[in-house]
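Work through the exercises below with the model in view. Try each task before you read its solution.

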Amino acid sequence: MPVTRRRFLAKVAVGAEKQKETQMKARPIVTKLLIGAVMLCAGPLAAQTVKVGFMSTFSGPGAAQGDQLDKGTKLYLKLNSGKLPQGVKIDLISRDDTGANPDVAKRVAQELIVRDKVQFLTGFVWTPNAAAIAPLTAEAKVPYISMNAAGVNILNLSPYMARVSFTLWQSVYPLGQWAAKRFKRAYIAVSDFAPGHESEEAFTKGFKEGGGKIIGTVRIPLANPDFVPYMQRIKDANPDVLFAFNPAGKQATAMMKAYGDLGLDKAGIKYIGPGDLTTDEELPGMGAAPLRLIPLHHCSAAAFRQAIKTFVAAYKKEYGEKLNPGFMAVGAWDAMDLIFYAIRAQKGKVDPDKTMELIKNYKNPNSPRGPIAIDPDTRDIIQNEYLREVRKVGGQLANVEIETIATQLKDPWKEFNKKK
Ligand code: PHB
């Protein structure tokens, strides 16, 4: 083991010991899934085990999103573990980050690196958590693949990070351009954390470049917001269109409800945003308010491509007919596919630098969301963006794709900020 890595491990081991008592109290959920080709090939115990540390939100208000990551990950393992090279198996070690909580995220990542000696890290719904562990991935040389955390700058913090989810710039900048062709005056309402700020910037740029005017902007606290006063203020300002971003899930639903209850729809104020607003697992429980809403995103469970149909069918078979996979379940599926690709290419003997080189060449024409690839210059995702409208299909609300707005789009923010 190189000296720098040994020193790093010794350093974090001391911190990890100190935190032991708190950890015992917090009782993090630790699930271990041992799945592998071993069973299939009845080989000797010399099997190659690859340890993957999976960090998600299993408790607190964000647990529904964490559950999407968990379900996507476990479905992938169940259906694909037999496709690893002979004798190679995955040991998935799951840890609870408890929500957008960078301190807990750092602690669980340290434990996974030092005690469990994982060779990959993955997971995270939340940008602050992924940003907090960036220095650990760089010092310990453990590749981390983001399943969701979308903050635009995360990958610049460590060369051992890559992402299969999205950036808000990817969906929101084209949405701003699209909106400028239809509306003159926009109001912006976003959650007050990095992805919200990035949505605000991206929409403002796209909308203004197309000649639109921003008549008001509000940032809404991430914890327990009451959306009614914000919606009243927006209604009084009377824009043509409300652009909003909240984290997918209960917050988006609550804001939508306030929009409907206060009659912004009846006042003729159109509601648009990234697909986080109407994520597929939440949509059936959102009431009538999202009907006709325009979300732009990279993934819809109601799309017509065969890959998503196959994925939705497998998901429902595993978890129940009533459950739709949202884009976070797809992010988890794709992250596992990327990890499997790197393991297969190295026949189970994974080296972090080789892994990062391999990741830069990753392509999947058959992701459930559509064709994807990793941008070798930035380690970020390249994907299509689809304009959708929320419509009723078979008595249920669905994100119906109406147009492919961008094909194989790189993160626009990085394109705008390229070093000359
Ligand atoms: C993030 O923290 O990066 C994040 C969380 C929820 C979303 C999107 C992005 O819906």
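**Exercise 1. The chain as a whole**

What share of the contacts in the protein chain with a separation of 6 or more comes from residues 24 or more positions apart?

Solution. Note that the model is predicted. Take the contacts with a separation of 6 or more. Residues 24 or more positions apart account for 71% of them. Next, list the elements: the protein chain has 14 helices and 15 strands. Then turn to burial. Of the 420 residues, 56% are buried. Last, look at the surface. The protein chain exposes about 17400 Å². Carbon and sulfur atoms supply 54% of that area.

**Exercise 2. A pair across two helices**

Find how the rings of Tyr 76 and Trp 333 are arranged, and say which parts of the chain they tie together.

Solution. A pair of aromatic rings is described by the distance of the centres and the angle of the planes. The whole structure holds 18 aromatic pairs. In one of them, Tyr 76 and Trp 333 sit 4.8 Å apart, centre to centre. Their planes make an angle of 75°. Planes over 60 degrees apart count as edge-to-face, so the pair of Tyr 76 and Trp 333 is edge-to-face.

Now place the two residues. Tyr 76 lies in helix H4 (residues 63-80), and Trp 333 in helix H12 (residues 327-345). The pair therefore ties together parts that are 257 residues apart in sequence.

**Exercise 3. Buried or partly exposed?**

Decide whether Tyr 76, Trp 333, Tyr 341 and Tyr 362 are buried or partly exposed.

Solution. The cut-off for buried is under 20% relative accessible area. Tyr 76 has 2%, so Tyr 76 is buried. Trp 333 has 15% and is buried too. Tyr 341 has 21%, which makes Tyr 341 partly exposed. Tyr 362 has 2% and counts as buried.

Tyr 341 and Tyr 362 also form an edge-to-face pair, with 5.2 Å between centres and 65° between planes. Tyr 341 lies in helix H12. Tyr 362 lies in the loop between helix H13 (352-359) and strand S12 (363-367). This pair thus ties together parts 21 residues apart in sequence.

**Exercise 4. Cluster and charges**

Which residues form one aromatic cluster with Tyr 76, and which lysines lie over a ring face?

Solution. Start at Tyr 76. Its cluster also holds Phe 311, Tyr 315, Tyr 319, Trp 333 and Phe 340. Next, check Tyr 319. Lys 71 lies over the face of Tyr 319, 5.2 Å from the ring centre. Finally, go to Phe 416. Lys 205 lies over the face of Phe 416, at 4.4 Å from the ring centre.

Key:
Residues are numbered from 1 along each chain as its sequence is written. This is a predicted model: local features need pLDDT of at least 70, side-chain atom pairs count only at pLDDT 80 or more; totals for chains, interfaces and linings use all residues. Side-chain values use heavy atoms; hydrogens and water are left out. Helices (H or I, at least four residues) and strands (E, at least two) are DSSP runs, numbered from the N terminus. Buried means under 20% relative accessible area, exposed over 50%, partly exposed in between (1.4 Å probe, protein chains only). Contact means heavy atoms within 4.5 Å. Accessible areas come from the Shrake-Rupley method with a 1.4 Å probe; for residues, only the protein chains shown count as cover. Rings of Phe, Tyr and Trp (its six-membered ring) pair if their centres lie within 6.5 Å; planes under 30 degrees apart count as stacked, over 60 as edge-to-face and the rest as tilted. A charge sits over a ring if NZ of Lys or CZ of Arg is within 6 Å of the ring centre and within 35 degrees of the ring normal.
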